[in-house]
Amino acid sequence: MGEKSRLRRSISRWASTHDQHALDMQRAYAPDEAHDRIGEAPDRQQVRLRGTLRTVTLRPRGGVPALEAELYDGTGSLTLIWLGRRTIGGVTPGRSIEVQGRIGRHEGQRILYNPRYELMP
């Protein structure tokens, strides 16, 4: 019985840490008149987003190299895809970035193809 309560405490600690991280990200990337939040950004309209790259991977699409990254801002995440690129200097996991483009969907996943980007300090 004591083992269950220890497990529950561990899960509860992890969950509250995850929630706190999301709140910290939302504060860090608070929306303003020039930026949208990922969770609230409309599809098929021009958006400008800020967030942190969680993952960056090389994943060919249709025989063409494609650099794929997951952008997260605490409200949601979406996939950034640069077609024809194997690497982009500075685009690494943990890096803060600002992107612009139109959000589309592919197989239920929100994607921003070939976004304009600016690396943030």
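1. A charge is taken to sit over a ring if NZ of Lys or CZ of Arg is within 6 Å of the ring centre and within 35 degrees of the ring normal. In this predicted model, Arg54 meets that description with respect to Tyr72: Arg54 lies over the face of the ring, at 3.7 Å from the ring centre.

2. Arg54 has a second partner. A salt bridge joins Arg54 to Glu70, with the closest N and O atoms 3.4 Å apart. This pair links distant parts of the chain, since Arg54 belongs to strand β1 (residues 46-58) and Glu70 to strand β2 (residues 66-72), and the two are 16 residues apart. Arg54 has a relative accessibility of 37%, a value between the limits of 20% and 50%, and therefore counts as partly exposed.

3. The structure as a whole contains 6 salt bridges. The Arg54 and Glu70 pair is a salt bridge, and further pairs are described in the points below.

4. Glu68, in strand β2, deserves separate attention. Its side chain meets that of Arg59 in a salt bridge, at 3.0 Å from N to O. The side chains of Glu68 and Arg59 are also joined by a polar contact of 3.0 Å. Arg61 forms a salt bridge with Glu68 as well, and here the closest N and O atoms are 3.1 Å apart.

5. Is Glu68 buried or exposed? At 9% relative accessibility, Glu68 falls under the 20% limit and so counts as buried. Its two arginine partners are classed otherwise: Arg59 is partly exposed, with a relative accessible area of 42%, and Arg61 is partly exposed, with a relative accessible area of 25%.

6. Which residues does Glu68 touch, residues up to four places away in sequence not being counted? The list comprises Thr55, Val56, Thr57, Arg59, Arg61, Thr79, Leu80 and Ile81. Among these, Arg59 and Arg61 are the salt-bridge partners already named.

7. Salt bridges also link Asp43, Arg105 and Arg110 in a network.

8. A search of the whole structure for aromatic pairs finds 1. The rings are those of Trp82 and Tyr117, with centres 5.6 Å apart and planes at 80°; the angle is over 60 degrees, so the pair is edge-to-face. The pair links distant parts of the chain: Trp82 is in strand β3 (residues 77-83), Tyr117 is in strand β6 (residues 116-119), and 35 residues separate them.

9. The members of the aromatic pair differ in accessibility class. Trp82 is buried, with a relative accessible area of 4%, whereas Tyr117 is partly exposed, with a relative accessible area of 34%.

10. Pro115 occupies the loop between β5 (109-113) and β6. With a relative accessible area of 5%, which is under 20%, Pro115 is therefore buried. Where its neighbours within four places in sequence are left aside, Pro115 is in contact with Leu80, Ile81, Trp82, Val99 and Gln100. The C-alpha atoms of Pro115 and Gly101 are separated by 5.1 Å, although the residues are 14 apart along the chain.

11. Some residues recur in these points. Trp82 pairs with the ring of Tyr117 and is in contact with Pro115. Leu80 and Ile81 are included in the contacts of Glu68 and also in those of Pro115.

Definitions and conventions
Residues numbered from 1 in each chain as written. Predicted model: local features only at pLDDT ≥ 70, side-chain atom pairs only at ≥ 80, totals over all residues. Heavy atoms only, no water. Salt bridge = Lys/Arg side-chain N within 4 Å of Asp/Glu carboxyl O. Helix = DSSP H or I, 4+ residues; strand = E, 2+ residues; numbered from the N terminus. Buried < 20%, exposed > 50% of the residue type's maximum accessible area, 1.4 Å probe, protein only. Polar contact = N/O pair within 3.5 Å; in protein donor to acceptor, adjacent residues only side chain to side chain. Contact = heavy atoms within 4.5 Å. Phe/Tyr/Trp six-rings, centres within 6.5 Å; stacked < 30°, edge-to-face > 60°.
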